[in-house]
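I opened a fresh notebook page for this protein and wanted a friendly first tour of its fold. Here is what I looked up, step by step.

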Amino acid sequence: MSAYGHQMEREFSSQSLLSREDTESGSQYVLESGFYMKSFAATIFIAGLLIVGVLLVTLIVTLAVMLQSCESRSKGVVEIEKASDSYHYCKAFALHGELNSLEEPEIPPVCWSLAIHYVEGGEYERDLNFTISMVESFFDTISPSDNHLDAVLMDIDDILASNHTYSHQSMHQQQFNQYGSNKSSGSIKDGPNLKHWRILELYVKLKSRGWSLILLSRKPERQRNVTAEQLKAVGFNGWSSLIMRADSEMEMETWEYFRTRRTAMKEEGTQIISVISSQLDALTGSSLGKRVFKLPKPLHYNSQTPTL
């Protein structure tokens, strides 16, 4: 082979080598470039998965919270409805019990519980204040006559019940203890004290304005002295008359006894202006005057133990 042929062969070999190197270099570039693109795409993909995962977790947590909130709200509505049903039932039962003089064991336990909450929750105080305010508003519009025959009748069994020591552990007292009413503050025992002071304030105010105050009691005449001393001891003084039951009246229904006494007062010339009591027997019948006021009462039943 000539020198020219050897030179061409060397150049061809060099070009082939360069071509292979270029080819290898290009493959490597493509390979490296492809690898780089795949890593970037994987990063994007993984990041996307993380974002989607976070969104899914957030969505699940949100749904769980919403579901729990709906369940709690539904439960609360049911409880409110149940409490409302019990309240209306016991409200109707209290009136039924008072009209029919039901005995203590006939009071449903749920009503004892609601009576406790009625006092401890402050509703009894609000109702009592509203009623006393209505009484005061009424007497702000009128004045006693000059002949001093106008009279206001007040049920003192409400007053004396407020001074009861609650030492007798009757069934209802056990119910109160069972439902936690023996708290040091805000307990069922605050009800009588509250009523005592509010009625005393009303009594003093009416007396200071010149009204004749006639006190009515269901107790027998033989307890007059003791009852009078009890009234004075708790701040009630200067009444015009204290009406108590004669022996012949002890067998009468209390509403009939009150009606008979009011009729007798009217026949004697007394002008009854108003009757104030927390019990219906003193507020039914004839000769009730211009206005009657019923003080709130958590429960009523026929018992020898004074109640609210």
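The entries below go from the sheet to the core, then to one helix and some aromatic rings.

**Entry 1, the model.** I noted before anything else that this is a predicted model.

**Entry 2, the sheet.** In what order do the strands of the open sheet run? I read E3-E2-E1-E4-E5, five strands with parallel pairing. At the edges I found strand E3 (241-245) and strand E5 (291-294), each pairing on one side only. From one strand to the next, the twist averages 20°. I then looked at strand E2 (residues 212-220), which runs parallel to E3 and is joined to it by four bridges. Proline 220 has arginine 245 in E3 as its bridge partner.

**Entry 3, helices on the sheet.** I saw H3 packing on the sheet, where it touches strand E1 (150-155), strand E4 (271-277) and E5. The direction of H3 makes about 160° with that of E5. Helix H7 (residues 224-233) also packs on the sheet, touching E2 and E3, and its direction makes about 135° with that of E3.

**Entry 4, the core.** Which residues touch the most other members of the largest nonpolar core? Among its 32 residues, they are Leu231 and Ile276. Helix H3 (residues 123-140) gives the largest share of this core, six residues. I followed isoleucine 276 further: leaving aside neighbours within four places in sequence, its contacts include Val135, Val152, Leu202, Phe293 and Leu295. Another core, of 13 residues, lies apart from the largest one, and Leu153, Phe258, Ile272 and Leu288 are among its members.

**Entry 5, helix H2.** I checked the length of helix H2 (residues 109-120). At 1.5 Å a residue, its twelve residues should span 16 Å, and the end C-alpha atoms are 17 Å apart, which agrees. Buried residues in H2 include Cys111, Trp112, Ile116 and Tyr118. After H2 comes glycine 122, with a positive phi near 90°.

**Entry 6, aromatic rings.** How many aromatic pairs are there? I counted six. In one, the rings of tyrosine 118 and tyrosine 124 have centres 5.8 Å apart and planes at 70°, so the pair is edge-to-face. Both of these tyrosines, 118 and 124, are buried. Phenylalanine 139 and tryptophan 211 are also edge-to-face, because their ring centres are 5.2 Å apart and their planes at 75°. Phenylalanine 139 lies in helix H3 and tryptophan 211 in the loop between helix H6 (190-208) and E2, so this pair ties together parts 72 residues apart in sequence. Phe138, Phe139, Trp211 and Phe293 form one aromatic cluster.

Conventions. Residues numbered from 1 in each chain as written. Predicted model: local features only at pLDDT ≥ 70, side-chain atom pairs only at ≥ 80, totals over all residues. Heavy atoms only, no water. Core = buried A, V, L, I, M, F, W, Y, C linked by side-chain atoms within 4.5 Å. Buried < 20%, exposed > 50% of the residue type's maximum accessible area, 1.4 Å probe, protein only. Contact = heavy atoms within 4.5 Å. Pairing = 2+ DSSP bridges. Axes fitted to C-alpha atoms, helices over the stretch in contact; angles between N-to-C directions. Expected span 1.5 Å × (residues − 1). Phe/Tyr/Trp six-rings, centres within 6.5 Å; stacked < 30°, edge-to-face > 60°.
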